[in-house]
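Visitor: I would like a close look at a single strand of this model and at what surrounds it. Please take one strand and work outward from there.

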Amino acid sequence: MLVLVGIASLYFVKTDPNDTLEVKDSERMPVVRQAIDQELTEFGKLVHRTKADTSVAEMFPTIPENRYPAIFRTYPDFVSDGFDFPVGVPNARNYYKAQNFGDNKHLGEDWNGRGGGNTDLGDPVYSIGNGLVTFSKDVCCGWGKTVRIVHHLPNHPEHQYVESVYAHLHTMDITVGSLVKRGQRIGTIGNANGRYNAHLHLEMRNFINMSLGPGYGDDQFGYLIPTKFIQSNRPY
Ligand SMILES: [Zn+2]
């Protein structure tokens with residue numbers, strides 16, 4: 001990327017003798033954006049070469065954290081502007097929590113349609129906020145099809161980055177390296193390949209990029225209570 005910017009600087013200086021040695025941000029931006037786009041595409045390909053697998057390495061996102069600042073600087077429209085609920089947007093209308101965070105050592109929240117059973121199978125699931133898709137894969141078994149999104153909150157008093165995790169999906173509509181908007185459809189409610197009654201298992205984390213983990217446990221380090229976080233960080 002630095003090489004590309006360097007070449008661009010030479011180009012602008014040569015072709016416009018009246019220009020100063022400085023390259024304006026507006027001129028540099030398309031070059032940087034092209035490099036970031038290329039990088040994001042490569043991350044997407046990387047994931048699609050791997051197969052569904054439950055080995056430990058498969059439970060982690062593949063976009064390194066040190067790339068997040070450049071990505072969000074290049075795409076400031078995808079920096080967080082607040083959070084909505086992931087079903088019945090924006091306020092979870094016609095959905096309820098079948099299992100809260102902390103119940104039975106649950107590390108997430110289970111969102112169900114009011115109709116119960118499998119009536120919500122195939123209902124849309126939305127990103128709770130603007131962000132970067134870092135994981136989109138069928139990891140089988142207890143998790144099923146799972147999407148992970150990193151959200152950047154430069155002005156938040158506690159967290160620069162938080163992560164949302166959407167599990168047991170029926171379909172996944174986005175790929176790794178995609179930038180998404182709050183309320184954008186990312187998949188549909190599923191049953192983890194027939195393992196449960198359909199519902200969305202939603203997790204939120206302030207310690208981002210941990211292993212997918214057990215879904216249940218005594219150790220709540222790194223986890224946020226999704227409803228509490230969303231309600232304290234609404235977009236309005
Ligand atoms: Zn759950």
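Guide: What follows starts with one strand, moves to its partners, and then turns to other parts of the chain. The model is predicted, with an average pLDDT of 86 over the chain and 83% of the residues scoring at least 70.

The strand chosen is β2, residues 109–113. Five of its five residues are buried, so β2 is largely enclosed by the rest of the structure. The residues of β2 point in two directions: Glu109, Trp111 and Gly113 go one way, while Asp110 and Asn112 go the other way. Residues pointing either way are buried.

β2 has bridges to two strands discussed here. With β1, residues 95–99, β2 runs antiparallel and is joined by four bridges. Within that pairing, Trp111 of β2 has Lys97 opposite. With β10, residues 200–205, β2 is also antiparallel, and three bridges join the two. Here Glu109 has Leu202 of β10 as its bridge partner.

A contact of Val165 falls at a residue numbered inside the β10 range, so to speak of it one turns to β6. Val165 lies in strand β6, residues 161–169. Val165 counts as buried because 23 other C-beta atoms lie within 10 Å, the cut-off being 20 or more. Leaving aside residues up to four places away in sequence, Val165 touches Thr146, Arg148 and Glu203. Thr146 is 19 residues from Val165 in sequence, and their C-alpha atoms are 7.1 Å apart.

Another sheet can be set beside this account. An open sheet of three strands has the order β3-β9-β7, with antiparallel pairing. β3 (124–126) and β7 (171–172) stand at the edges with a single partner strand each, so one side of each has no neighbour in the sheet. β7 is joined by two bridges to β9, residues 185–188, and the two run antiparallel. One of the residue pairs is Met172 with its bridge partner Gly187 in β9.

Some parts of the chain call for caution. Over residues 1–21 pLDDT stays under 50, and the model has 16 contacts beyond four places in sequence for them. Residues 48–54 also stay under 50, with nine such contacts. Where pLDDT is low, the predicted coordinates should not be read in detail.

Conventions:
Residues are numbered from 1 along each chain as its sequence is written. This is a predicted model: local features need pLDDT of at least 70, side-chain atom pairs count only at pLDDT 80 or more; totals for chains, interfaces and linings use all residues. Two strands pair if DSSP finds at least two bridges between them. A residue is buried if 20 or more other C-beta atoms lie within 10 Å of its own, exposed if 12 or fewer, and partly exposed in between; C-beta atoms are placed from the backbone. pLDDT is the predictor's confidence in each residue, from 0 to 100. Two residues are in contact if their C-beta atoms, placed from the backbone, lie within 7 Å.
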